[in-house]
Amino acid sequence: MSDRCSFVFSEELLNYKFSSHHPFNQFRLKLTVDLLEKMNALDPAHTISPKMATDEELALIHDRSYIEAVKKAGHGELSKEIAENYGLGTEDTPIFPNMHEASALLVGGTLAAVDQVMTGKSLHSLHLGGGLHHGFRGKASGFCVYNDSSVAIKYLQEKYHARVLYVDTDAHHGDGVQWSFYDDPNVCTLSIHETGRYLFPGTGNINERGQGSGYGYSFNIPVDAFTEDDSWLHAYTNSIKEVAEFFKPDVILTQNGADSHYFDPLTHLSATMKIYREIPKIAHEIAHQYCNGKWIAVGGGGYDIWRVVPRAWALIWLEMTENSNCSGNLPDAWIEQWQKESPVTLPKEWDDPDNLYTPIPRKAEITEKNEITLEKALYPIRNQQKSQKGLPS
């Protein structure tokens with residue numbers, strides 16, 4: 001199986017950089033790659049370089065005027081007033097030199113992963129530089145200039161005529177992807193995220209189910225703040241399995257934000273590495289059950305780049321390649337390499353200690369609320385199944 005997987009990476013992906021103080025830091029890619037290399041888990045033969053997405057490919061989702069604005073912004077040729085109309089030059093999404101080229105490369109990396117899988121060169125493909133799920137048709141948002149997942153899904157439809165299941169486990173709602181396909185019955189979006197009551201972008205409610213012919217193909221599981229592992233995994237496991245059975249996709253695209261962890265500085269969830277073991281494991285099973293193994297995975301959020309992201313993202317590749325060497329201690333060489341640069345003490349083991357944080361006082365209440373949320377979100381599927389079996393709804 002391991003020789004049927006591809007890993008999309010280039011040092012050029014680190015050029016997507018807003019500033020030295022911005023929370024979105026692509027240096028996490030280098031930390032993750034180095035962790036895999038020091039484990040001897042990343043064969044250079046499996047690594048492919050991203051290509052830069054063309055304007056035509058970007059225009060599958062983004063307005064031409066917006067693409068031109070991004071180009072001008074990256075060369076200092078866009079006024080502040082016009083830039084702000086496009087969501088550029090904001091605190092979240094500042095302008096940086098050559099931002100079009102850097103952003104188009106991220107999109108191209110995801111398209112390269114798509115082509116690897118859909119042409120049969122790879123069964124699974126991972127592009128951790130992607131997963132920028134907040135970008136809109138004509139506007140940047142939430143650290144995202146272009147929306148690589150939306151472009152990739154449209155590309156999958158146009159080139160390969162595929163029905164796509166998009167699964168987003170970022171702590172922030174995958175709004176840009178959801179709205180891109182809100183009226184499309186051939187794309188099913190599932191997002192498990194922290195409730196928008198306290199967190200950007202404030203969307204992702206249960207009642208966002210799609211519109212027109214796409215009604216019933218958008219699923220949202222907004223879990224409560226301070227949700228812990230077991231409740232989070234219960235929501236994820238049940239939702240992805242039931243949604244996949246309902247939709248029966250040709251290919252699965254997973255967005256793997258690593259910001260639901262307790263250490264993440266931008267969110268309010270209380271998950272540990274336990275969920276990051278299970279997320280790719282179950283996605284892998286779903287891909288083989290419904291999609292003949294076709295699985296494309298991208299990165300996403302994740303703002304504790306030292307303690308969380310490298311472990312969480314490395315586990316995706318280790319699952320794809322069926323590498324069981326991911327328990328016990330992390331490689332000493334990796335810790336020695338990066339501890340001197342890290343502002344925090346690096347973890348020494350793959351798993352978090354049981355006493356990572358003090359007990360959450362509202363655990364029972366949070367768990368109950370999440371169960372109710374899950375039931376409401378999946379009610380249409382479960383009710384349909386009851387009707388087919390002749391049971392009362």
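How many bridges join β1 to β3, and do these strands run parallel or antiparallel? I began my notebook with this point and found that β1 and β3 run parallel and are joined by 3 bridges. I keep in mind throughout that I am reading a predicted model.

**Entry: the sheet**

I next traced the whole sheet, which is open and made of 8 strands in the order β2-β1-β3-β8-β7-β4-β5-β6, with parallel pairing. At its edges I noted β2 (47-48) and β6 (218-223), each of which pairs on one side only. I then looked at how helix α6, residues 148-160, lies against the sheet, and found that this helix packs on it and touches β4 (164-168), β5 (187-194), β7 (251-255) and β8 (295-298). The direction of α6 makes about 165° with that of β4.

**Entry: strand β1 and its two partners**

I went back to β1, residues 5-8, and looked at the side facing β2, where 2 bridges join the two strands in a parallel run. For individual residues I wrote down that V8 has I48 as its bridge partner in β2, and that F7 is partnered in β2 by T47. Towards β3, I noted that S6 has S125 as its bridge partner.

I also wanted to know which residues of β1 point to which side, and whether they are buried or exposed. As a reminder to myself, side chains in a regular strand alternate between the two faces of the sheet. In β1, I find C5 and F7 on one side and S6 and V8 on the other, all of them buried, so that both faces of the strand are covered.

**Entry: helices α8 and α9**

A packed pair of helices is described by the angle between the axes and by the distance between them. For α8 (residues 229-247) and α9 (residues 273-290) I recorded an angle of about 10° and axes 11 Å apart. Angles under 35 degrees count as roughly parallel, and α8 is therefore roughly parallel to α9.

I then listed the residues that meet, including W232, L233, Y236 and I240 from α8 and I275, I279, I282 and I286 from α9. The residues of this contact divide into 11 nonpolar, 1 polar and 6 charged. D230 in α8 and K274 in α9 both belong to the contact, and I found their side chains meeting in a salt bridge at 2.7 Å, N to O. Because K274 lies in α9 and D230 in α8, this pair ties together parts that are 44 residues apart in sequence. I recorded K274 as partly exposed at 40% relative accessible area, and D230 as partly exposed at 46%.

**Entry: other salt bridges**

My search of the whole structure gave 17 salt bridges, of which I followed a few more by name. D115 and K159 meet through their side chains at 3.4 Å, N to O. This pair links distant parts of the chain, 44 residues apart, with D115 in helix α5 (residues 99-118) and K159 in helix α6. For the two ends I wrote down that D115 is buried, at 16% relative accessible area, whereas K159 counts as partly exposed at 45%.

I turned next to E242 and R382, whose closest N and O atoms are 2.9 Å apart in a salt bridge. E242 lies in α8 and R382 in helix α12 (residues 363-388), so this bridge ties together parts that are 140 residues apart in sequence. E242 counts as buried at 14% relative accessibility, and R382 counts as buried at 18%. I also noted a single network, in which salt bridges that share partners join R197, D224, R362, E365 and K369.

**Entry: N147**

Where does N147 lie, and in which loop? I placed N147 in the loop between β3 (124-127) and α6. The relative accessible area of N147 is 0%, and because buried means under 20%, I entered N147 as buried. Setting aside neighbours within four places in sequence, I found N147 in contact with H62, L132, H133, H134, G135, G176 and V177. For L132 I also checked the separation from N147, which is 15 residues in sequence and 5.3 Å in space, C-alpha to C-alpha.

Technical notes: Residues numbered from 1 in each chain as written. Predicted model: local features only at pLDDT ≥ 70, side-chain atom pairs only at ≥ 80, totals over all residues. Heavy atoms only, no water. Axes fitted to C-alpha atoms, helices over the stretch in contact; angles between N-to-C directions. Helix = DSSP H or I, 4+ residues; strand = E, 2+ residues; numbered from the N terminus. Parallel < 35°, antiparallel > 145°, perpendicular 65-115°, else oblique. Contact = heavy atoms within 4.5 Å. Nonpolar A, V, L, I, M, F, W, Y, C, P; charged D, E, K, R; others polar. Pairing = 2+ DSSP bridges. Salt bridge = Lys/Arg side-chain N within 4 Å of Asp/Glu carboxyl O. Buried < 20%, exposed > 50% of the residue type's maximum accessible area, 1.4 Å probe, protein only.
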